[in-house]
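Here's a quick walk through a predicted model. We'll start with the overall picture, check where to trust the coordinates, and then zoom in on a couple of spots.

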Amino acid sequence: MVCLSFQLFFAFLLIFSTLPNLEQNKMDRLLVHQIVSGLSKLNSSSSSSSSSSEGESSCKVHRLEALIDRLLTTATDPTSSLGQILWYCVQNRTVEGHQLAAYLLNRLVEMNDHNQDRFKVASVVNYVHSSSCRTPLHLLAVDFSSQSATNQHLIELLIELGADALRADVHGLVPLHLVIRQLKEQNDGDQDEGEVIKVVGLLLQAMIKQQSEAKNTTEELLRKLAIVPAAIDADSLLVLEVLDQAEVHFSRRLTFEYLEYALQAEAGVQVTGHLLKKLKSSSSTFAAENALSPIGLTLQYNNHQALFQAIELGI
């Protein structure tokens, strides 16, 4: 009887000790809901350019910043909650939404300096949406050209805080592929090429560094980039030029593979010409590595322009 009484006492003690946590979790979910709801209202404010709507939008941003601060100080599971908020801030696609994303990231860093790494910043910036498998870095890549200056700043900040540039979404695309594909689809003549090259360079450098830290070779990374069709069309010359600027080494075998992917994708003459010149500068023969020469490969894919380029280069 005494033993049963002790068991009941400890059971009640356990229940009462978990009640505050349950209540706090409920408050966390309410805060997240309020912030996400507030973000959705920013879209309607940003569509109007009047001074009154700008003032209203500014007030909404300040209110959301206050809610974010409250979540930072009270959340029982801050990593999950803040990752979700960051994702929705970026997905909002407004200047205000991206300002809030930058505010959240800066406050995270600031508070970590005072709270001995209470927040797992890398986990926050790599929050993965359950259905699309996309991170905030993916979202910025998809929407790059609409607010390129703001997006570029956020991309730099995310990479600095440990965003995974190698993570693929549900379609197998990494952020770099999405930047290239989106630019190709929009064909935006007003896009500043210097900004594009800088962002492509940022993503490539992050990928190469992370690939190295994972003890994989750069060649494995470049092979992954080539296989995805989005990265081996007319716009992939940009990727190749950035790789050259970064002095990334291409083996002869990999260059040959890139040429084959380019021919399969019916890439432009600039891409095939760039790759053929790379092969020309290599000293080894093709017989030891490939069944076909570059000329044979161009004939196989019936690409007359690339054939003439190969004949002119004498390879």
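## Overall picture

Of the 315 residues in this protein, 46% are buried. The secondary structure is easy to sum up: 15 helices and 0 strands.

If you count contacts with a separation of 6 or more, 73% of them link residues 24 or more positions apart. As for the surface, the protein exposes about 16,500 Å², and carbon and sulfur atoms supply 53% of that area.

## Where to trust it

Since this is a predicted model, confidence is worth a look before you get into the details. The mean pLDDT is 77, with 73% of the residues at 70 or more. Helix α6 (residues 136-142) has the highest confidence, at 91, while helix α1 (residues 2-46) has the lowest, at a mean of 63.

Within residues 12-22 the pLDDT drops below 50, and beyond near neighbours in sequence that stretch has 0 contacts in the model. Where pLDDT is low, don't read the predicted coordinates in detail.

## A buried leucine in α2

Now for L64, which sits in helix α2 (residues 51-74). Is L64 buried or exposed? Its relative accessibility is just 4%, so L64 counts as buried.

What does L64 touch once its neighbours within four places in sequence are set aside? The contacts are Q34, I35, G38, L39, L42 and L100. For I35, the C-alpha atom lies 6.1 Å from that of L64, although the two residues are 29 apart along the chain.

## The last stretch: α15

Helix α15 covers residues 304-313, and its buried residues are A306, L307, Q309 and A310. Looking down the axis of α15, you'd find those buried residues within an arc of 160°, so they line one face of the helix. On the other side of α15, Q305, F308 and E312 are exposed.

What covers the buried residues of α15? The cover includes α12 (252-264), α13 (269-281) and α14 (294-300).

The two ends of α15 have their own details. At the N-terminal end, N303 acts as a cap, with a side-chain oxygen 3.4 Å from the backbone nitrogen of Q305. Just after α15 comes G314, which takes a positive phi of about 75°.

Key: Residues numbered from 1 in each chain as written. Predicted model: local features only at pLDDT ≥ 70, side-chain atom pairs only at ≥ 80, totals over all residues. Heavy atoms only, no water. Helix = DSSP H or I, 4+ residues; strand = E, 2+ residues; numbered from the N terminus. Buried < 20%, exposed > 50% of the residue type's maximum accessible area, 1.4 Å probe, protein only. Contact = heavy atoms within 4.5 Å. Arc of directions from axis to C-beta. Polar contact = N/O pair within 3.5 Å; in protein donor to acceptor, adjacent residues only side chain to side chain. Areas by Shrake-Rupley, 256 points an atom, 1.4 Å probe, with all protein chains shown as cover. pLDDT = per-residue confidence, 0-100.
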